[in-house]
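User: Please take a close look at a single part of this model for me. I work at the bench, so keep it brisk.

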Amino acid sequence: MKVTTTDPRDGRHQVTDLTETDESGVATIAGQSSRAAQWLFDRGRLGRAQLLDAIATSLESRRVDLVAVAEAETGLGQARLDSELTRAAIQFRMFAAVLRDGGYLEAAIDHAADTPLGPGPDLRRMLVPLGPVAVFGASNFPFAFSVAGGDTASALAAGCPTVVKAHPSHPLTSRASAEAIESAVRDLGGPDGVIAAVYGEQSGRWLVRHPAIRAAALTGSVGAARAIQAAIDERADPIPLYAELSSVNPIVILPGAAADRGDQIAEGLFASFTASGGQLCTKPGLAFVPADPGGDRLVDTLRETVATAGGMVLLNERIRDAYDSGATALEKAGARLAARPRIEAGAGFTVAPTLLEVDLPGLTAEIADECFGPLMVVVRYRDVADLDAALATVPPSLTGSVHSGPDDTDAVRGLVDVLAARCGRIVFDGYPTGVRVSWAQHHGGPWPSTNAVHTSVGATSIRRFLRPLAWQNAPEWILPQELRDEYAAIPRRVDGRLVSGLE
């Protein structure tokens, strides 16, 4: 069956020259990936770092064409997509730096020695690749969380070939991204199977059931994660699924902040919950605002900004329909409409941004549920002491944010204690959208924001695709170079003492 694509700006469908991948095709690709694992392993850390740098360069050299294809399939706009492609290239280069550093290997050596329990053997341990990885492309990030995304970059860095199940919202972008990566692989003499894409809903199920696949990664919905997990459960041997899912990302504005800079916060809130049409996993869905004069001014400014905003294009019909039904469900649950502009009805997937409001006693689990798209609920509270219990109503999230004034120290301390147990990143006097790609980043959180303790952004996301292996009394010639006594280029723990690398 031919793969179709849709321009969300006008709803026009296009039949592409791509064909949905059948079960036999998935098996062929998985087999190629399995064979390509040896080539990646043989390149070693520094060889893979060279590959990742080459992939970044290849993506950037095709920037104009990649952005044009993605804009036609997603409607996200040239500026946003250009920035996202830059982010994709940065991710590959960051993992090249991770490889050159070598600390990610967690290399450790315990020489043979007498111990209180008797003679101890020589033990050497480090992390090694899991094997081929299945990645499910995200609808809202055609570059940074899809074929050329962080899951692919971290998996290839780990030494794992990657098969990406292309998202139906941007199949042509997925193919073009895969071709850019394949070009870099070929230039370095690499085989087929280092990177590949499959198409069609059923192909993802066949992929995770194939015995060659050793892990899966997803940025998507809880429903998608459950469907993938159900397919994995049919395997004779289980594999991990690393899923980044649903998140409400509450923001608390304390009275001091509302009084000091309410207009500025209103501007920041609007920009954050409407960025990319509100189609970001870090979009703030709830903002707790004090029911006092400072909070009133903040909310009035926010209402005016929303009421005069234009329509926003969503990625596909399913997301548009879910947004409309989600907004309706929140209003039925007791959230009152605070602002929504009137927009011209069009043929595409354009919607109006929506601001809802509820007084704190009326906040329920139904109102605290995520609505994907440009919608935010303002929760008005009268007493800071009520916030701890209110935040317990909010599902655990990727992020939690606090805006405070100079006299709010005690309140901030209490809120941080609550948020630390319920999110993976705490933002102070800022907004959760915009996830920096860096060594210190953590993009994860308790269920239902993710299903694992790992991050999907940042240097340590490589850990998902590695497993520990120990060598006991091994002859030196069989050891990886990073575990040989004379090797000193990476940080290692030798006989219990951390030894820094020389490079």
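The part I would like described is strand 13: what does it pair with, is it buried or exposed, and what lies across it?

Analyst: This is a predicted model, in which local features need pLDDT of at least 70, side-chain atom pairs count only at pLDDT 80 or more, and totals for chains, interfaces and linings use all residues. Residues are numbered from 1 along each chain as its sequence is written, and side-chain values use heavy atoms, with hydrogens and water left out.

Start with the sheet. Strand 13 belongs to an open sheet of 7 strands, ordered 15-17-18-13-12-19-20, with mixed pairing. Strands here are DSSP runs (E, at least two residues), helices are runs of H or I of at least four residues, and both are numbered from the N terminus. Two strands pair if DSSP finds at least two bridges between them. Strand 15 (336-339) and strand 20 (423-428) are the edges; each has a single partner strand, so one side of each lacks a neighbour in the sheet. From one strand to the next, the twist averages 25 degrees. Axes are lines fitted to C-alpha atoms, for helices over the stretch in contact, and angles run from 0 to 180 degrees between N-to-C directions.

Now the partners. Strand 13 covers residues 286-290 and runs parallel to strand 12 (residues 251-253), joined by 2 bridges. In that pairing, F288 stands opposite V252. Strand 13 also runs parallel to strand 18, with 5 bridges between them. There, L286 stands opposite V377.

Next, burial. Buried means under 20% relative accessible area, exposed over 50%, and partly exposed in between (1.4 Å probe, protein chains only). Strand 13 is mostly covered, with 5 of its 5 residues buried. Both faces are covered. L286, F288 and P290 are buried on one side, A287 and V289 on the other.

Then the helices. Strand 12, helix 8 (residues 255-274) and strand 13 form a right-handed β-α-β unit. Right-handed means that, with the strands pointing away from the viewer, the path from the first strand over the helix to the second runs clockwise. Helix 9 (residues 293-307) lies across strand 13. Helix 9 also lies across strand 12, strand 15, strand 17 (354-359) and strand 18 (375-381). Contact means heavy atoms within 4.5 Å. Helix 9 runs at about 165 degrees to strand 18.

In short, strand 13 has parallel pairings with strand 12 and strand 18, and both its faces are covered.
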